Number of protein chains: 2
Amino acid sequence: MVVTRRDALAGAFAIAAAPALSAVPARAAVPPANKQAPSFYRYKVGDIEVAVVSDGANTFPLPDKLVVNATKEQVGDALQKAFLPRDKMTIHFAPLAINTGGKLVVIDTGNGPGANAASKGAVGQFQTNLKAAGIDPKDVDIVVISHFHGDHVNGLLTADNQLAFPNAEVLVPATEWKYWMDDGEMSRAPAGRMQDLFKNNRRVFEAGLQKKVTPYEWGKDIAPGLLAVETIGHTPGHTSYVLSSGSDKVFIQSDVTNHPDLFVKNPGWHLGFDQDGDKAESTRRKVYDMLVAERLKVQGFHYPFPALGNIEKDGAGYRLVPAPWSPVI
Amino acid sequence: MVVTRRDALAGAFAIAAAPALSAVPARAAVPPANKQAPSFYRYKVGDIEVAVVSDGANTFPLPDKLVVNATKEQVGDALQKAFLPRDKMTIHFAPLAINTGGKLVVIDTGNGPGANAASKGAVGQFQTNLKAAGIDPKDVDIVVISHFHGDHVNGLLTADNQLAFPNAEVLVPATEWKYWMDDGEMSRAPAGRMQDLFKNNRRVFEAGLQKKVTPYEWGKDIAPGLLAVETIGHTPGHTSYVLSSGSDKVFIQSDVTNHPDLFVKNPGWHLGFDQDGDKAESTRRKVYDMLVAERLKVQGFHYPFPALGNIEKDGAGYRLVPAPWSPVI
């Protein structure tokens with residue numbers, strides 16, 4: 001039988017290894033790397049090459065109200081069931097760099113340089129991992145923004161407030177643009193997080209980008225093979241995408257769910273960051289029923305890296321089945 | 001509602017992108033990378049640093065009798081349920097490089113240079129990915145072999161039959177060593193695959209390594225923190241490991257199961273490569289019941305990269321819950 005209690009065996013380890021090693025010249029022990037592999041991953045959708053390029057992950061003590069309509073205890077139980085610590089939350093960020101053959105398209109830009117410094121490198125890794133993937137930000141033709149939260153837009157600017165993708169056209173959802181740039185909406189927004197979001201979007205898009213953006217509409221291709229689809233609720237203009245080439249396609253969900261072990265498993269749970277919880281839930285159920293019915297691959301901005309998988313029904317909710325990593329493309 | 005049928009939208013994509021791009025100097029389209037990210041991944045077990053270093057994956061048409069006691073149709077159904085092609089099989093290979101702080105230990109060596117050439121790089125990637133991880137084979141102190149199948153031992157030698165890890169002691173399971181080196185066992189082995197295995201092991205261990213190996217026993221630490229445990233059935237001396245440091249540990253299963261969607265899900269299925277199918281099954285059930293009871297992390301040589309996860313019960317079988325990738329170590 002398998003032995004995992006090893007206290008009784010303490011001290012035994014040196015015996016087998018000793019004889020042969022004595023014949024080998026002593027070498028200094030190799031130091032541990034203390035560094036993760038560059039976190040990027042490539043796959044094909046037909047002729048299109050997708051690179052999932054991690055922006056890192058944010059780990060923080062589980063807040064009392066991460067989920068508006070579930071107790072901290074229930075959320076802890078869901079995390080523990082998924083073999084995760086029950087008192088902490090880790091959220092991953094997965095921007096994309098898509099080579100359509102003619103255009104190099106980035107979708108969402110991560111937490112940006114400020115968060116990178118504040119987190120001591122835990123997040124804001126997008127530029128570093130792009131470089132590891134051999135992608136020069138100057139070569140990016142189009143940056144597509146799914147919605148106007150900081151983890152999606154802050155990477156548009158460098159640490160000294162220059163354009164992080166200097167040659168790229170920046171495409172934004174027309175409805176999202178109208179909402180966050182509206183002074184009336186800003187004046188009516190509650191103090192705290194919502195006011196901070198308005199201010200951050202003015203910082204990024206007015207001070208930083210000088211409003212040089214191209215608003216896009218839902219139901220149209222906004223880059224070769226990239227169809228924008230309305231998935232509102234998380235924000236007023238929240239957008240997902242269908243990327244397709246030939247008969248192959250993937251649904252790029254953006255933030256239709258946050259962490260799959262909480263919100264794919266429990267589609268009725270409302271994330272505190274969802275601006276309209278009820279609308280976000282109805283969007284989520286429609287999208288996930290469609291993903292199940294069509295057996296469609298899904299790429300999730302907040303899924304664990306590389307954030308690609310399929311969805312199956314699981315009781316009253318759903319389950320993410322991660323796609324197997326292919327060591328070749 | 002979400003639109004995934006996009007035929008009606010053909011030709012619409014250029015509209016939004018056209019205006020701003022006309023102001024930007026024309027640049028040549030960036031070529032696709034056509035190359036996967038280096039497939040290695042690091043994690044900590046207490047103070048010990050583990051690097052999962054992929055040897056690649058082998059994809060082949062589903063054989064009639066991959067599973068001895070299930071039909072090709074049943075196997076295809078299981079693959080399809082897991083969102084994999086029902087007519088193909090992909091097997092991944094995940095050797096390890098473990099830095100204990102004092103010793104650099106490799107567990108299993110992959111398919112080796114011959115298979116690398118024959119597969120045009122699909123397998124035999126271990127040396128390339130070790131290099132990408134910054135690991136010099138000359139720095140490896142110990143190579144541990146779990147069992148004597150080609151995908152575990154062939155990477156012991158270079159293309160010109162030199163030692164791939166020239167300064168390492170090679171540790172082999174005593175029972176496995178005795179079995180494959182026994183002339184009587186070889187003479188009694190059936191022609192075909194079993195004879196080929198005997199011949200391959202003579203090639204690697206006699207011609208190549210000149211029998212310079214150190215046999216090890218089960219129930220003992222064979223390197224700092226690395227306990228060898230008997231898990232026979234797949235081969236007569238098949239070995240797994242418990243790697244531990246402080247209160248943290250991981251079960252390194254080797255080939256207790258092959259692909260999780262077939263053999264974790266269906267522990268009663270007998271892989272054609274299992275030498276003693278009944279014994280392999282009873283070992284598998286004991287190990288997986290233990291992994292569930294102890295909520296013990298498991299590293300599987302044939303799981304999809306990075307091949308780390310936990311096990312939960314799923315009906316009459318089990319389910320692998322992959323560990324989330326951490327973009328920092």
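The radius of gyration is taken over C-alpha atoms, and the rule for a globule is 2.2 Å times the number of residues to the power 0.38. This model is predicted, and that rule gives a first look at its chain A.

**The single chain**

Chain A has 329 residues, for which a compact globule would have a radius of gyration near 20 Å. The value for chain A is 22 Å, which agrees. Along its principal axes, the C-alpha trace of chain A spans about 75 × 45 × 45 Å.

Chain A holds 10 helices and 16 strands. Of its 329 residues, 49% are buried. Contacts in chain A with a separation of 6 or more were also sorted by distance along the sequence. Residues 24 or more positions apart account for 67% of them.

**The pair**

Chain A also meets chain B. In this interface, 76 residues of chain A are in contact with 76 residues of chain B. The table sorts the chain A side by class.

| Class on the chain A side | Number |
|---|---|
| Nonpolar | 46 residues |
| Polar | 19 residues |
| Charged | 11 residues |

How are the two chains related? A rotation of 180 degrees superposes chain A on chain B, with 0.0 Å of shift along the axis. The RMSD of this superposition is 0.0 Å. That is the relation of a two-fold axis. The same surface serves both copies. Of the contact residues of chain A, 100% recur in chain B.

Notes
Residues numbered from 1 in each chain as written. Chains lettered and ligands numbered in written order. Predicted model: local features only at pLDDT ≥ 70, side-chain atom pairs only at ≥ 80, totals over all residues. Contact = placed C-beta atoms within 7 Å. Nonpolar A, V, L, I, M, F, W, Y, C, P; charged D, E, K, R; others polar. Least-squares fit on C-alpha atoms with pLDDT ≥ 70 in both. Helix = DSSP H or I, 4+ residues; strand = E, 2+ residues; numbered from the N terminus. Buried ≥ 20, exposed ≤ 12 C-beta atoms within 10 Å, placed from the backbone.
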